[in-house]
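Trainee: Could you walk me through reading a structure like this one? I would like the general idea and then the case at hand.

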Amino acid sequence: MLIPLHGIASRRDLPLPFSFVVVGAVLALVISFAILIFAWRKPRFHYVGGHPLPGLTAVLDHPIVRLVARVLVLATYAWAGLAMMAGQDLLTNPIFGFVFVWMWVGLVPISLLLGQFWRATNPLRAIHRGLSAVARVDPEQGLLTLPAGIGVWPAAAGLFGFGWLELVQPDRTTLAVLRLWVLAWLVILILGAIVFGQRWIGAADPFEVYASTLAQMSIFRRVGDQMKLVNPLAGLNAWHAPPGATAVVAALLGSTAFDSFTNTTWWIQTVQDSTAPATLWGTGGLLTMIIIVFVSFSLGAAWMGRYGNRPATAYPRLMVGSLLPIVLGYVVAHYATLLIVEGQRTAISFSDPLGRGWNVFGSAEMGVNSAIFNHPTAIAMVQACAIVGGHVFGIICAHEKAVALLPPERAVRGQLPLLLVMIGYTCAGLFLLFSP
Amino acid sequence: MSESASKARGALVCGAVALGLLMSACTSAAEPQANASPPVAASPSAPSSSGESPTSIPPSPPSLNPDYALTINVTIANGKTIPSGEKINVRVGQKVILNVTSDTDDEVHAHIGGPGYELQVTAGTPAKGEFTIDSPGSFEVESHHLEKIIVILNAR
């Protein structure tokens, strides 16, 4: 198989038809202002509510269930690690699909459907717990205390790193390059956990932070000691975003937008005709995209400081949850077909990690069902609906927060700049999918 | 809430919805026209090298008619490709012909799903290859040696 220059898939989705872009943008605009003008004036999601699930709580908290889940996940990673260390340096090696599709894209549905499953079964935590047991130290206790203000800032840097690996790193689908990145990930996370205790993993692992951030929109949520089936909007509203959460979301949104941006003819020609190295362009472009999201959102949210009684700098973190539905919409629009088709390919090659004709899980003989590509209009429809739908839910979350944080008579004016910023993200997202 | 205020709101929203419908109607009316005209990029004019244009290249027919082959003339010279990253519309099942001249040995890869298509190019000798795309999607044709995208084929 010929290795594509960019990413692991040899096919991208067709550009969004321009009519979809216009209709989507108009819908986003109309619905946004309709919500602003007509929606509730008093907070509705003050309490998470939801249905308690005592049975499920008991099962999930059972030590054996936890152990089995952790061992299974750890074994999956070990199997992928075997492919990485001993497998062939070909695109048929499942490690590439494992990292770029199963982990990076798969964590989204896992976190939405299963809540904090990723955090509960993170193999980094298992490895560190094992090491701590051998050394007979408390895994929670490090040599130093991580300052509380650190929040998830290290993970924001890690997400930029992964975005760079996914979109800029030359030869990213070769074993030598991937091994180096995986080694760096393991060393930074495990050493850090030894120094700062397990809290470091929750602060610095880009996958866990991405997963547990998206899990704020899950229908399953632990409230106090109990699992509950909740309204995702109410659950998201209850999220206390840690310091650095805005940077995490900006890295997610910015890198996805940059992925689309690099597919525009303008970008390809500019980079290819330039004498500067492509990695320099890529690094600069990715950073610029993330900074644009970070600054525009922070300014839009800080505007609320004029109307509320908190300092302006407090608002970005209070409001950042309302960007999560937009992140989700972007991810669905960009990666849904990749997860469905390349996810299957990975499952097939997962049976034969070393390329020796094994069929360990019985999947090696299965074919990839790529019939989804025969429905480009349906794909485009899903993409446009994901972007606009994410926007609508984002606006609803922002409105809810605004009426809770600002005096009622000023809530509408206060959230207007943020609303415009979000409309900007949505129109940009649609336009980038049109990919001129 | 006063009655006049709610009326004003109603009017505002009705106006916005009407605007939205109007705009969507305009674009859907405009769409077929955009599709009917062949993209200019389909056949870049003669290669820029030295003026001796290859005579074997057929004139480019309407690119979106599946009965005609889509011909793409590619020049690879001085570390650059012409065209460079252009988007070209093509029909699923339509024959795509590549005419490649290069000043270095190269391979042109068309990532068209499955194993893909590969065309070996020898320096100074025009190479010709053809393939068809089986299902809809957006596919890159690349110079393997330069690691640059020549064209992106949007197959519908």
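Mentor: Let us take strands, then cores, then unusual backbone angles.

Mentor: This is a predicted model, in which local features need pLDDT of at least 70, side-chain atom pairs count only at pLDDT 80 or more, and totals for chains, interfaces and linings use all residues. Residues are numbered from 1 along each chain as its sequence is written, while chains are lettered from A and ligands numbered from 1 in the order in which they are written.

Trainee: Which strands pair with S8 of chain B?

Mentor: Strands of a sheet pair through backbone hydrogen bonds, either parallel or antiparallel. Here strands are DSSP runs (E, at least two residues) and helices are runs of H or I (at least four), numbered from the N terminus; two strands pair if DSSP finds at least two bridges between them. S8(B), residues 137–143, pairs in the antiparallel sense with S5(B), residues 106–110, over three bridges, and B:His109 stands opposite B:Glu142 there. S8(B) also pairs with S9(B), residues 148–155, in the antiparallel sense over seven bridges, with B:Gly137 opposite B:Ala155.

Trainee: Is S8(B) enclosed or open?

Mentor: We count other C-beta atoms, placed from the backbone, within 10 Å of a residue's own: 20 or more is buried, 12 or fewer exposed, and in between partly exposed. Six of the seven residues of S8(B) are buried, so the strand is largely enclosed by the rest of the structure.

Trainee: What about the nonpolar cores?

Mentor: A nonpolar core is a set of buried Ala, Val, Leu, Ile, Met, Phe, Trp, Tyr and Cys residues joined through C-beta atoms within 7 Å. The largest has 112 residues, and A:Leu159 and A:Val248 are among those touching the most other members. Helix H18 of chain A (residues 376–405) gives this core its largest share, 14 residues. A second, separate core of 25 residues includes B:Val108 and B:Phe139.

Trainee: Where should I look for unusual backbone angles?

Mentor: Most residues other than glycine have a negative phi, and most peptide bonds are trans. B:Glu147 has a positive phi of about 55°, and sits in the turn of the hairpin formed by S8(B) and S9(B), which has four residues between the strands. With 13 other C-beta atoms within 10 Å, B:Glu147 is partly exposed. A:Asp171 has a positive phi near 55°; this residue is in the loop between helices H8 and H9 of chain A and counts as exposed, with 12 C-beta neighbours inside 10 Å. Finally, a cis peptide bond joins B:Ile82 and B:Pro83, with omega about 0°.
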